[in-house]
Amino acid sequence: MLYRTLAINSVGQLIGQLQKHAKSKDPVWYRGHADSAWNLLPWYQRLKSPPPESVLVKRFKQNAHLLVSNVGDNDFDWLFYLQHYGVPTRLLDWSESPLVAIYFAVTSLPKKEGALWALKPLDLNRLATANPKDSKFLPSFEDTLLENYSTKNVEASTTVNGVLPMAAIATRNNPRIQAQLGVFTIAHLTRNPIDSIGSGDHLVKYTISPMAKIQLLAELRLLGITKFQLFPELASAGDLVKELL
């Protein structure tokens with residue numbers, strides 16, 4: 001692929017790179033991978049023989065319906081909940097903050113090279129839609145443009161159709177997605193890793209060596225980017241206390 005690949009060793013170095021490569025007013029989204037070998041493919045599409053997505057949604061609803069109060073009854077609302085609670089979906093989480101994304105790249109697999117991906121979501125959407133007007137602004141999952149990506153419509157597509165992933169914003173209706181400045185890309189039926197489509201101009205990949213992970217993690221703590229800031233829940237508060245022991 002033709003996307004740029006650059007190495008970073010510190011937050012300061014990342015800022016310098018972003019000043020060079022994120023000059024336009026178009027949004028840039030970020031995603032951290034603990035292993036730089038991982039591609040940009042949703043968990044559901046990495047499974048060899050997954051059950052239909054509708055089956056996962058129905059099974060989740062069976063036990064979760066009485067436990068949630070702020071979820072609608074459309075496909076996307078439930079996909080967000082599945083994603084939030086670790087069920088494979090066609091969604092990929094991104095953040096509007098590079099520091100949030102780096103956190104996920106450096107907090108696990110310390111012996112592996114990590115990666116920070118920078119995505120231009122409007123450029124991705126230009127690859128996915130034939131109408132230039134549809135890629136002028138970021139759509140919401142409530143827009144008709146995303147109807148084709150609903151569980152019902154995807155499962156109705158019985159042949160490999162080549163529909164590319166799209167980027168969209170969603171209502172931040174829980175503390176975790178708000179804290180992480182979360183946004184999403186969503187895949188269709190075909191397995192199309194975002195890092196393997198088009199010319200690669202929509203992406204930059206920043207690699208992070210194992211030694212750089214140590215440095216970046218220390219800098220993130222200095223900047224207040226900790227588990228509790230990104231997961232504002234009681235379990236995270238307990239983890240902070242245990243660090244004192």
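Let me start with strand S6, where both faces are covered: Gly182, Phe184 and Ile186 are buried on one side, and Val183 and Thr185 are buried on the other. This is a predicted model, so please hear everything that follows in that light. S6 runs over residues 182-186, and five of its five residues are buried. As a reminder, in a regular strand the side chains alternate between the two faces of the sheet.

What does S6 pair with? One partner is S3, residues 91-95, which is antiparallel to S6 with five bridges. Within that pairing, Leu92 stands opposite Thr185. Another partner is S5, residues 166-168, also antiparallel to S6, this time through three bridges. There the bridge partner of Met166 is Ile186.

Now to the two ends of S6. Ahead of the strand, in the loop between H8 and S6, lies Leu181. Leu181 is not a glycine, yet its phi is positive, about 50°. For context, most residues other than glycine have a negative phi. Is Leu181 buried, partly exposed or exposed? Its relative accessibility is 29%, so Leu181 counts as partly exposed.

On the other side, Ala187 sits in the loop between S6 and strand S7, the latter being residues 203-208. Ala187 has a relative accessibility of 3%, and because buried means under 20%, Ala187 counts as buried. Which residues does Ala187 touch? Leaving out residues up to four places away in sequence, they are Pro42, Gln45, Arg90, Tyr149 and Pro165. For a sense of distance, Ala187 and Ala7 are 180 residues apart in sequence, and their C-alpha atoms are 28 Å apart in space.

Next, strand S2. Five of its five residues are buried here as well. Trp29, Arg31 and His33 point one way from S2, Tyr30 and Gly32 point the other way, and all are buried. S2 pairs with S4 in the antiparallel sense over five bridges. In that pair, Arg31 is opposite Trp117 of S4.

S4 spans residues 114-119, and the loop between H5 and S4 holds Leu109. Leu109 is another residue other than glycine with a positive phi, in this case near 50°. At 35% relative accessibility, Leu109 counts as partly exposed.

Now the helix I want to show you, H4. Why call H4 largely enclosed by the rest of the structure? Because eight of its 10 residues are buried. Those buried residues are Phe76, Trp78, Leu79, Phe80, Tyr81, Leu82, Gln83 and His84. What do they pack against? The buried residues of H4 pack against H3 (53-64), S3, H7 (151-156), H8 and S6. So S6, where I started, is among the elements in contact with the buried residues of H4. After H4 comes Gly86, with a positive phi near 80°.

That brings me to the largest pocket. Its volume is about 990 Å³. How many residues line it? The lining has 41 residues, and Arg31, Gln83, Asp93, Phe104 and Gln180 lie nearest the centre of the pocket. Two of these names you have heard already: Arg31, one of the buried residues of S2, and Gln83, one of the buried residues of H4. Which elements supply at least two residues each to the lining? They are S2 (29-33), H2 (43-46), H4 (75-84), S3, H5 (98-106), H8 (175-179) and S6. As for composition, the lining divides into 21 nonpolar, 15 polar and five charged residues.

Finally, the protein as a whole. It has 11 helices and seven strands. Its radius of gyration is 18 Å, close to the 18 Å that the globule rule gives for 245 residues, so the protein is as compact as a globular protein of that length. The C-alpha trace spans about 50 × 45 × 35 Å along its principal axes. How much of the protein counts as buried? The figure is 47% of the 245 residues. And among contacts with a separation of 6 or more, 78% come from residues 24 or more positions apart.

To go back to the start: S6 has both faces covered, pairs antiparallel with S3, and supplies at least two residues to the lining of the largest pocket. That is what I have for today.

Definitions and conventions: Residues are numbered from 1 along each chain as its sequence is written. This is a predicted model: local features need pLDDT of at least 70, side-chain atom pairs count only at pLDDT 80 or more; totals for chains, interfaces and linings use all residues. Side-chain values use heavy atoms; hydrogens and water are left out. Buried means under 20% relative accessible area, exposed over 50%, partly exposed in between (1.4 Å probe, protein chains only). Helices (H or I, at least four residues) and strands (E, at least two) are DSSP runs, numbered from the N terminus. Two strands pair if DSSP finds at least two bridges between them. On a 1 Å grid over the protein atoms alone, a cavity is a set of points where a 1.4 Å probe fits but cannot get out, and a pocket is an open set with protein on both sides within 12 Å along at least five of seven lines; lining residues have an atom within 4 Å of a point. Grid points are joined across faces, edges and corners, and a volume is the space filled by probe spheres set on the points. Ala, Val, Leu, Ile, Met, Phe, Trp, Tyr, Cys and Pro count as nonpolar, Asp, Glu, Lys and Arg as charged, and the others, Gly among them, as polar. The radius of gyration is taken over C-alpha atoms; the globule rule is 2.2 Å times the number of residues to the power 0.38. Contact means heavy atoms within 4.5 Å.
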